Amino acid sequence: MKEAAPETKNIGLRGIKVADTRISDVNGEKGALIYRGYNIADLALQSTYEEVAFLLLNDHLPVKEELAKFKSELLPEREIPRVFIDVMRETPKSTHPMDVLQTSIAFLASFDPEARVETREANHRKANRLTAKLPTIVAAWDRIRNGLEPLTPDPKLNHAGNFLYMLKGNPPDPATARDFDVCLVLHAEHSFNASTFAGREVASTHAHMYAGIAAALGALSGELHGGANSEVMGMLLDIGEPGRAKAWVSEKLRKGGKIMGMGHAVYHTEDPRATVLRGICGELAGRLGNSRWCELAKAVETATKEEFRSLKGKEIYPNVDFFSAPVYHMMGIPRDLFTPVFAISRIAGWAAHIIEEKFAEAQPKPELYRPDSDYVGTYCGPEACAYIPLERRTTA
Ligand SMILES: CC(C)(COP(=O)(O)OP(=O)(O)OC[C@H]1O[C@@H](n2cnc3c(N)ncnc32)[C@H](O)[C@@H]1OP(=O)(O)O)[C@@H](O)C(=O)NCCC(=O)NCCS
């Protein structure tokens, strides 16, 4: 007898494998994350964002010469066309940075003569351009909306340090620059999450890289995905002090609300990125001599675990967005830039996935994603509803 097909409807594609990938693996049971075969904990400890971006885009860690060449390709691409600054000056200052970023990426296609060139080499060059330009766009918008002049990228600084410099106007201290570099390493890739799938789905139509990245940015902006980190900070600001965490969390959960930065669609144990970020939080707090935000985050984590256990009889763990919030806050990054900061790292993973999708680098598959649905709407019979012309229609 033929086995019944698994039920795949209305479960948000949870557990449904839609493709093979060579880029990363998330093991939700073990709490492990692998980029192209390398463990995230090792990469966080030992590599840099530039090395990781190369790894994701090229399927191997670079040797010295390859890394130097990759960096030299990124540097001249950091600049953005002058018209972006002019348009930003005319943009309402209240515009969310994710909206500015998404619009800018679609607009960037107009300035890339290779936008519609679909060779593997041209797509790699587009990946480099986007990786280099995203931080410049985010920093420029933050300065312009605050009435400041945008800054020219500093070629002496690496990807992480240059972003912090362009944002704040002075180079970060080496320890903070390194911590931020590790944050970028941790956020660079995470398999078929909502934004990556959105990017791949667009790429499957043969749309260009800019269209795929703009779609991915839209998906990332939602609070259940990349938008969670800024919501976590909102929650910490609202709770204010560790002593209030338990009551706040308890009330939120009892009313059916969500504790942002907690829980994950794939990890059923601690997200390995949260483990590293908890450590960075403590070290950064130590250097600043202010443990307020880490202590508060830890109190919310403990309270959520306890309340969740007693309410649902289940465990819950922090995800990548939980400790990145106090870390970015302590680095002086404005709350509504937390999600764009996620994007300036994830661009490498998205671009790698778009290239993998376009060139069927993992396994051949039908080019176009085209899922199906069951229609459960109105039906007036086998031949559908009788169309009544507007002038004779009396009921809705
Ligand atoms: C990420 C998220 C959408 C995954 O949801 P999911 O796949 O439904 O997760 P689970 O299946 O493990 O959820 C099991 C239960 O826990 C609840 N739950 C999960 N995360 C929760 C949270 N942060 N706060 C309160 N309840 C939560 C779910 O609503 C579900 O409840 P139910 O059994 O009554 O329906 C969810 O954890 C969430 O919304 N987290 C907060 C947002 C966030 O941090 N997003 C960033 C993810 S990296």
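## Exercises: a helix residue, a ligand shell and some cysteines

Glu-65 sits in helix H3, residues 64-74 (helices are DSSP runs of H or I with at least four residues, numbered from the N terminus). The model is predicted, so local features need pLDDT of at least 70 and side-chain atom pairs pLDDT 80 or more, while totals for chains, interfaces and linings use all residues. Residues are numbered from 1 along each chain as its sequence is written, and side-chain values use heavy atoms, leaving out hydrogens and water.

**Exercise 1.** Work out whether Glu-65 is buried or exposed.

*Solution.* Start with the cut-offs: buried means under 20% relative accessible area, exposed over 50%, and partly exposed in between, using a 1.4 Å probe and protein chains only. Glu-65 comes out at 58% relative accessibility, so it counts as exposed.

**Exercise 2.** Describe the ligand's surroundings and its polar contacts with Arg-14, Lys-312 and Lys-314.

*Solution.* Step one, the shell: 20 residues surround the ligand, and the closest are Lys-258, Ile-259, Gly-261, Met-262 and Lys-312 (a residue is in if one of its heavy atoms lies within 4 Å). Step two, sort them: 9 are nonpolar, 6 polar and 5 charged. Here Ala, Val, Leu, Ile, Met, Phe, Trp, Tyr, Cys and Pro count as nonpolar, Asp, Glu, Lys and Arg as charged, and the others, Gly among them, as polar.

Step three, look for N or O pairs within 3.5 Å. A polar side-chain atom of Lys-312 is 2.6 Å from a ligand oxygen; for Arg-14 the distance is 3.1 Å, and for Lys-314 it is 3.5 Å. Step four, the cover: the ligand alone exposes 860 Å², of which the protein buries 70% (Shrake-Rupley areas, 1.4 Å probe).

**Exercise 3.** Find the disulfides and give the handedness of each.

*Solution.* Look for cysteine sulfur pairs within 2.5 Å; the whole structure has 2. Cys-281 and Cys-294 pair up with sulfurs 2.2 Å apart, and at -110° about the S-S bond their link is left-handed. Cys-281 is in helix H13 (residues 272-288) and Cys-294 in helix H14 (residues 292-312), so the bond ties together parts 13 residues apart in sequence. Both cysteines, Cys-281 and Cys-294, are buried.

Cys-380 joins Cys-385 at 2.1 Å, S to S. Their torsion is about 75°, so this disulfide is right-handed. Cys-380 is exposed at 52%, and Cys-385 is partly exposed at 40%.

**Exercise 4.** Explain why Cys-183 has no bond to Cys-281.

*Solution.* Cys-281 holds the closest cysteine sulfur to that of Cys-183, but 9.9 Å is too far for a bond. Cys-183 is also buried, at 0% relative accessibility.

Definitions and conventions:
Helices (H or I, at least four residues) and strands (E, at least two) are DSSP runs, numbered from the N terminus. A polar contact is a pair of N or O atoms within 3.5 Å; within protein, one must be able to donate a hydrogen and the other to accept it, and residues adjacent in sequence count only if both atoms are side-chain atoms.
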